[in-house]
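Welcome! Take a moment to look over the chain below, and then we will walk through it step by step.

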Amino acid sequence: MKKEVKDTVILDLGQKLKEYAHFYLVDVHGMNAAATSGLRRECFKNEIKMVVVKNKLLHKAFEASDVDYEPLYGCLKGSTAVLFANTANAPAKLLKKYTKEGLPALKAAYAEESIYVGADKLEELAALKSKNEVIAEIVALLQSPAKNVVSALQSGANTIHGVLKTLGERPE
């Protein structure tokens with residue numbers, strides 16, 4: 001590969017690191033063409049960008065970045081694919097489906113401004129909540145007391161109405 005091409009690839013990877021908030025490093029060694037193609041299709045459906053990279057070029061893109069990715073350097077061995085996503089848990093949920101077959105294996109991830117190293121972190125990553133999920137939970141928690149008050153007032157009104165009706169129907 002010529003130096004100009006390498007520089008272009010490094011710049012492209014650096015741009016993707018800035019563009020996407022989260023990424024996963026995945027070992028694709030041992031995957032055949034059909035399995036890789038299927039994984040790419042699933043990534044596309046889930047709005048995940050999959051890029052197979054040379055480890056040295058990714059290492060240089062990490063070094064050129066403003067973020068300190070040093071803990072990930074040890075994971076840059078073997079065949080590596082990077083799954084870029086804007087939702088932190090989307091790649092983890094996708095990989096969870098595939099790990100039943102054993103491939104591809106998670107090497108590391110950068111999600112929610114934290115670094116996760118090792119395949120054992122997949123469950124933890126899949127359990128992460130996206131920003132929208134957290135906002136929805138907060139809104140639901142904020143609405144809950146108001147709903148309880150409205151519900152209590154409505155049931156109380158029905159109870160008072162029932163008592164008054166019963167008292168009104170009673171013979172004196």
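## How strands pair

Two strands count as a pair if DSSP finds at least two bridges between them. With that in mind, look at the end of the sheet, where β4 (residues 105–111) and β5 run antiparallel and are joined by four bridges. One of the residues involved is Ala111, whose bridge partner in β5 is Ser114. Keep in mind throughout that this is a predicted model.

## The overall plan

How many helices and strands are there in the protein? There are six helices and five strands. Reading along the sequence, you meet them in the pattern α-β-α-β-α-β-α-β-β-α-α.

The protein has 172 residues, and 34% of them count as buried. Now consider the contacts with a separation of 6 or more: 77% of these involve residues 24 or more positions apart.

## The sheet

In what order do the strands of the open sheet lie? The five strands follow the order β2-β3-β1-β4-β5, and their pairing is antiparallel. At the edges you find β2 (49–53) and β5 (114–117), each of which pairs on one side only. If direction is ignored, neighbouring strands of this sheet are turned by 20° against each other on average.

Two helices lie across parts of this sheet. Helix α3 (residues 55–64) lies across β1 (22–27), β2 and β3 (80–85), and runs at about 155° to β1. Helix α4 (residues 90–99) lies across β1, β3 and β4, and here the angle to β1 is about 25°.

## A helix with a buried side

Next, turn to α1, which covers residues 3–19. Its 17 residues, at 1.5 Å a residue, should span 24 Å, and this agrees with the 24 Å between its end C-alpha atoms.

Which residues of α1 are buried? They are Ile10, Leu13, Gly14, Lys16 and Leu17. Looking down the axis of α1, you would see these buried residues fall within an arc of 160°, so they line one face of the helix. Their cover includes β1, β2, α3 and β3. On the face turned away from the buried side, α1 carries the exposed residues Glu4, Thr8, Leu11 and Lys18.

## Salt bridges

How many salt bridges are there? The count comes to five. Let us visit some of them, beginning with Glu42 and Lys45, whose closest N and O atoms are 3.6 Å apart. These two residues sit three residues apart in helix α2 (residues 33–45), so about one helical turn separates them. An α-helix has 3.6 residues a turn, so residues three or four places apart point the same way. Glu42 is partly exposed, with a relative accessible area of 22%, whereas Lys45 counts as exposed at 62%.

Another salt bridge joins Glu123 to Lys96, with the closest N and O atoms 3.3 Å apart. This pair links distant parts of the chain: Glu123 belongs to helix α5 (residues 122–127) and Lys96 to helix α4, and they are 27 residues apart. Lys96 is partly exposed, at 32% relative accessibility. Lys129 and Glu137 also meet through their side chains in a salt bridge, at 2.7 Å from N to O. Both ends of this bridge are partly exposed: Lys129 has a relative accessible area of 41%, and Glu137 has one of 39%.

## Two residues with positive phi

Most residues other than glycine have a negative phi, and most peptide bonds are trans. Against that background, try finding Glu47, which has a positive phi of about 60° although it is not a glycine. Where does Glu47 lie? You will find Glu47 in the loop between α2 and β2. Is Glu47 buried or exposed? Glu47 counts as exposed, because its relative accessibility is 69% and exposed means over 50%.

Glu112 also has a positive phi, of about 50°, and is not a glycine. Its place is the loop between β4 and β5. Glu112 is partly exposed, with a relative accessible area of 38%. This brings us back to the strands where the tour began, β4 and β5, which are joined by four bridges.

How values were computed: Residues numbered from 1 in each chain as written. Predicted model: local features only at pLDDT ≥ 70, side-chain atom pairs only at ≥ 80, totals over all residues. Heavy atoms only, no water. Axes fitted to C-alpha atoms, helices over the stretch in contact; angles between N-to-C directions. Contact = heavy atoms within 4.5 Å. Expected span 1.5 Å × (residues − 1). Buried < 20%, exposed > 50% of the residue type's maximum accessible area, 1.4 Å probe, protein only. Arc of directions from axis to C-beta. Salt bridge = Lys/Arg side-chain N within 4 Å of Asp/Glu carboxyl O.
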